[in-house]
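Dear colleague,

Please find below the structure that I am handing over to you, followed by an account of what was found in it. I would be grateful if you read the two side by side.

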Amino acid sequence: MSHLIAPSMLSADFGHLQSDIEMINNSQADWFHLDIMDGNFVPNLSIGFPVLKVIAKYATKPLDIHLMINNPDLYIERFCVEAKASWLTVHYEACTHLHRTLQSIKKMNVKTGVSLNPHTPVEVLEDILCETDLVLLMSVNPGFGGQKFIERTYPKIEKLKKMIAKQQLNTLIEVDGGVDLMNYKQLLNAGADVLVCGNAVFASDCPADTIAQLKKI
Ligand code: DX5
Ligand code: ZN
């Protein structure tokens, strides 16, 4: 499988949201990456259901929803039904009963994701890997776009790739934070399958061209 690009709408122009959605629809991007923050798990707030529903209405590509919230169980059904998630990712650090949370997502026929903060070792996933379709490795501290990439992410990707191979799984590795045209090839070489790009896409002169470049191997 060739790698996937998921532009993060956190860096979009919310004054012209529909045109940014259409830009992604018409680009070589694969998914929409949508960051949900609760001001509790992370020190920031982002968008909620009213905006998500607008994105779901106009987007023609799968919605990859990244929940940076405590107690995600409260809202799983709404993210799956109202916000039309194709992929729903929760944080390992925010879920006391992660196995149960993943089962709730699966019941909605939505693909499951587990995210790890930069300080969380991939080994904690050993006994839950077979229950998740995707692992999202945070390569910045979650909460804000436009931060500096944390280099330690590379060995984490390599280690996780080996764990996935050992268990003979098809789990995707997604990398989120500080991904750009300078580091994306090294991330793919390390074993990343999905790259989230916020600032690198939306702050560029031509976002659609930047997406096309990020798709090149
Ligand atoms: C950060 C979010 C990211 C963010 C990435 O907490 O999870 O998805 O939008 O933005 P960049 O690519 O600018 O680091
Ligand atoms: Zn994200």
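Which strands each supply at least two residues of the shell around ligand 1? They are β2 (32-37), β3 (63-68) and β8 (194-197). Please bear in mind throughout that this is a predicted model.

**The ligand site**

Ligand 1 sits in the largest pocket. It is surrounded by 19 residues, of which S8, G143, G146, D176 and G198 are the closest. Three side chains may be of interest to you for their polar contacts with the ligand. In the side chain of D176, an N or O atom lies 2.7 Å from an oxygen atom of ligand 1. For the side chain of S8, the corresponding distance to a ligand oxygen is 2.8 Å, and for the side chain of H66 it is 3.3 Å. Ligand 1 taken alone exposes 380 Å², and the protein buries 99% of that area.

**Helix α1 and the loop before it**

Helix α1 covers residues 17-26, and its buried residues are L17, D20, I21, M23, I24 and N25. These buried residues pack against two strands, β1 (4-7) and β2, and against the helices α2 (49-58), α7 (199-202) and α8 (207-215).

A12 is placed in the loop between β1 and α1. Its relative accessibility is 10%, which is under 20%, so A12 counts as buried. Setting aside residues up to four places away in sequence, A12 touches D20 and F202. D20 is itself one of the buried residues of α1. A12 also illustrates how the fold brings distant parts of the sequence together: its C-alpha atom is 7.9 Å from that of G198, although the two residues are 186 apart in sequence. G198 is among the closest residues to ligand 1.

**Two buried polar residues in loops**

T132 belongs to the loop between β5 (111-116) and β6 (134-138). With a relative accessibility of 5%, T132 counts as buried. Beyond its neighbours within four places in sequence, T132 is in contact with L102, T112, G113, V114 and T171. With one of these, T112, there is a polar contact: the side chain of T132 reaches the backbone oxygen of T112 at 3.2 Å.

N183 is found in the loop between β7 (172-176) and α6 (184-190). N183 counts as buried because its relative accessibility is 8%, under the 20% limit. Its side chain reaches two backbone atoms, namely the nitrogen of D180 at 2.8 Å and the oxygen of G178 at 2.9 Å. Leaving out residues up to four places away in sequence, N183 touches F149, Y154 and G178.

**Positive phi values**

Most residues other than glycine have a negative phi. Two asparagines are therefore worth noting in the light of that general statement. N71, in the loop between β3 and α3 (76-81), has a phi near 55°. N109, in the loop between α4 (98-107) and β5, has a phi near 60°. As to accessibility, N71 is partly exposed at 45%, whereas N109 counts as exposed at 75%.

**K53 and D205**

K53 is located in helix α2 and counts as partly exposed, its relative accessibility being 41%. The C-alpha atoms of K53 and A83 are 5.3 Å apart, with their positions 30 residues apart in sequence. By contrast, the C-alpha atoms of K53 and T132 are separated by 25 Å, and these residues are 79 apart along the chain.

D205 lies in the loop between α7 and α8. Its relative accessible area is 83%, which is over 50%, so D205 is exposed. D205 is 59 residues away from G146 in sequence, and their C-alpha atoms are 16 Å apart. G146, for its part, is among the closest residues to ligand 1.

With kind regards

Definitions and conventions:
Residues numbered from 1 in each chain as written. Chains lettered and ligands numbered in written order. Predicted model: local features only at pLDDT ≥ 70, side-chain atom pairs only at ≥ 80, totals over all residues. Heavy atoms only, no water. Helix = DSSP H or I, 4+ residues; strand = E, 2+ residues; numbered from the N terminus. Buried < 20%, exposed > 50% of the residue type's maximum accessible area, 1.4 Å probe, protein only. Contact = heavy atoms within 4.5 Å. Polar contact = N/O pair within 3.5 Å; in protein donor to acceptor, adjacent residues only side chain to side chain. Near = heavy atom within 4 Å. Areas by Shrake-Rupley, 256 points an atom, 1.4 Å probe, with all protein chains shown as cover. 1 Å grid on protein atoms, 1.4 Å probe; cavity = no way out; pocket = protein on both sides within 12 Å on 5 of 7 lines; lining within 4 Å. Sits in = over half its atoms within 2 Å of the grid points.
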